[in-house]
Amino acid sequence: MNSYNENLHSSVLSSLESQEMTKKQLSSQLSTSMFTLYYAEGAEIVAQEKLDATTKMYKEQQHINNVVVKNKNMADNLLLSANQQKTYVTQAVSNMAVCASNIQIASNSIVRLASDIGSIYSIINAADYGTQIYQQALEAYNLINKTAYIAEQTSQFAMEATASIAEVSTSTVADGAKLTNTSVNNLLQVTTADLTATTAVLTTDNDTKAKASIATRAAEGAIKCSEVEYDASKKAYNYNNALFNQSLVVEVPKQFDPAAGTFSVYFDAYKSPFSPEDRDSGTQNKGLANPVLSYNIIMVKDSKKSFFSASNAELLVGNPAQCKSIPASQNPDAKGKYKSSIVYKELRDSDNDPLVLGENYVAFLLIIFTENYKKEINTFDEYLSAPSETFALTYTLKTAKNIANSREQASEDLSKITFSVDKEDVLKANEIDYRCFFLPYPDDIATNEDLETLEYKIETMELEEEIKAVDAEIKSLNEEIETLNNSASQANADGAKKDKETDQDKQKSLSLKSALADAKEKLRIAKSQLTDLNAKLKEVKEKSPKPVKNSNAFYFNLNLAENIPAGNFTSAKHHKAASGQEFSVHIDTTTTDNFGNPLIEDKSYIPVVLSYYKGSENAKTKYTNSLSDWQNTTPIPYSTKENLKSSSTI
């Protein structure tokens, strides 16, 4: 390799390695921002839950205090009425006793009078029977007897009234009213003190919620900045990789299965810096027309990529076990790209070792040129690309599906979550832990959808702005071409009127033609650019994340789920009553959400299941955990109503 190629290759390696390192650093920064946002959102959710609980308590205590105030008013009125009753009843007893005494005196007088009239009537009856005086005495006798009877009855009523009024326990009622009033006053003091204390807590919780919201907004801004920087570093790497490294990319499927697993390597077809048209027509240029003999893909351990050279690669060409060759006769796709599917178990790395799960590798592309091309460019070196981005092959655990809850089975309480998982053929049951989390479902926090689609939104906005600019340019060029055509038509008309065209007219005509040709060329380029931008915008929109059901869910992903501490999740157990790979998670009063907070009555939660490898630590890098599709899992409200009913009947 000549010094120019060596320097160029060294510069490309240095540039791509630097950008890959920057990507990794920004990825770490993004992960840090992600955890910061996660815990900030957790603090805000906890603060909101406490604020909601305090607000609920405040409303309840306010209602109780209002009821106690009403009872206090009634107790005051009751005490006043009891004291008045005591005063008036005492006076009534005295008055009734006097009344009864007076009635008794009157009654005794009437009785004595009745006795005297009876004696008079007996004398007249014996002496003057049938006379007028007899008749008058008889009438007086009857009337006095009736009056005496009524007087006796009145006396009896007075005595009964005196006895009845004396039986009224006014003192007891007054004492009871006083005691009740004192108790209600004490209760009012307690409820007022509780309400005042709760008001202070409510104020504190409001301040805590406000501070947590500020911290969350700051974390949201930080992660968005990190997202933008990371996205920029990816674009910079991809751009340089496309310009200097044939767009060499290794793509491993998300659900990689080693049993029949394949992964793909993509790269651009080699374009010669010279074309046959650049040479003299009389010179033979067969080499420039077909520069490539074959493309060769070689896998190298990431730890040894710095020592891998073109001479090492050339030694492996022709060995199908270590080098995947693609002849140049195989045409690329419409975009000028090659795709090579590599069977995991059929290819070895540059050290002749089988590809191992969990090992970090890079791919190199060695381009073998034809002899004619080498002669044409007078360079006899082959082209070895810079290494691709580091990748690793891992077995992805099966994802939980069909997540359901007991409420769907005609039960009011939330006591169980059930789900199913396809059977793992390469792992034992005790090597996998199915962890169930319960994510709160708030309404006022930066959503997972917002952050995941940020990159696509930015790219879409950039493309739309470029399209607007190109549209404006096309409009301006069309107006310019129309103006030039009008000027040319006017010049032709003026020239036709003249007998002879002057040199100035010729110069002006040539200038107009040149300007018109230049404008048309610019218009062609702008239209081509617009077509490319529209195609790219369509491609970006097609690749953007699809809408999800839980659009208000907070930021959460596999990395966060893997780092949730024990105690904040519940491990599932195999469903004994069911056949196949069905599991259940029991829920009780000790179950918490993913932040470690107790589940709240009637609050909605999203059940999430993490398939987690818990086998040998040495083999951990061979496996990738998987998370259920929580963004499209229906949130469920937590409730213990059925449990309370059951406990009340026992």
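Reader: How do you know what helix α2 (residues 132–167) should span, and how far apart are its end C-alpha atoms?
Author: Helix α2 has 36 residues, which at 1.5 Å a residue should span 52 Å; its end C-alpha atoms are 53 Å apart, so the two values agree. The expected span is 1.5 Å times one less than the number of residues. Helices (H or I, at least four residues) and strands (E, at least two) are DSSP runs, numbered from the N terminus. Please keep in mind that this is a predicted model: local features need pLDDT of at least 70, side-chain atom pairs count only at pLDDT 80 or more, and totals for chains, interfaces and linings use all residues. Residues are numbered from 1 along each chain as its sequence is written, and side-chain values use heavy atoms, leaving out hydrogens and water.

Reader: What does the same test give for helix α3 (residues 170–244), and which residue with a positive phi follows α3?
Author: The 75 residues of α3 reach 107 Å from the first C-alpha to the last, close to the expected 111 Å. After α3 comes Q246, with a positive phi near 60 degrees. The protein chain as a whole has 11 helices and 19 strands.

Reader: Which residues of α2 are called buried?
Author: They are Y134, A137, I144, A148, A151, S155, A158 and T162. Buried means under 20% relative accessible area, exposed means over 50%, and partly exposed lies in between (1.4 Å probe, protein chains only). Across the protein chain, 37% of the 650 residues are buried.

Reader: What class of exposure does V111 fall into, and why?
Author: V111 has a relative accessible area of 34%, so it counts as partly exposed. This residue sits in helix α1. V111 and T147 are 36 residues apart in sequence, and their C-alpha atoms are 8.8 Å apart in space.

Reader: Why are N352 and D602 placed in their exposure class?
Author: N352 has 39% relative accessibility, so it is partly exposed. D602, at 48%, is therefore partly exposed too. N352 lies in the loop between β5 (337–343) and β6 (360–369), with a positive phi of about 65 degrees although it is not a glycine. D602 is in the loop between β15 (582–586) and β16 (604–613), and its phi is also positive, near 65 degrees.

Reader: What makes a space a cavity or a pocket?
Author: On a 1 Å grid over the protein atoms alone, a cavity is a set of points where a 1.4 Å probe fits but cannot get out, while a pocket is an open set with protein on both sides within 12 Å along at least five of seven lines; lining residues have an atom within 4 Å of a point. Points are joined across faces, edges and corners, and a volume is the space filled by probe spheres set on them. The whole structure has one cavity of 30 Å³ or more. The largest cavity has a volume of about 30 Å³, and L16, E17, E20, Y237, A386, P387 and S388 line it. Helix α1 (residues 3–127) gives the most to this lining, with three residues.

Reader: How many residues of each class line the second largest pocket?
Author: Its lining has four nonpolar, one polar and six charged residues. Ala, Val, Leu, Ile, Met, Phe, Trp, Tyr, Cys and Pro count as nonpolar, Asp, Glu, Lys and Arg as charged, and the others, Gly among them, as polar. The lining includes V46, E49, K50, N597 and P598, and the pocket volume is about 290 Å³.
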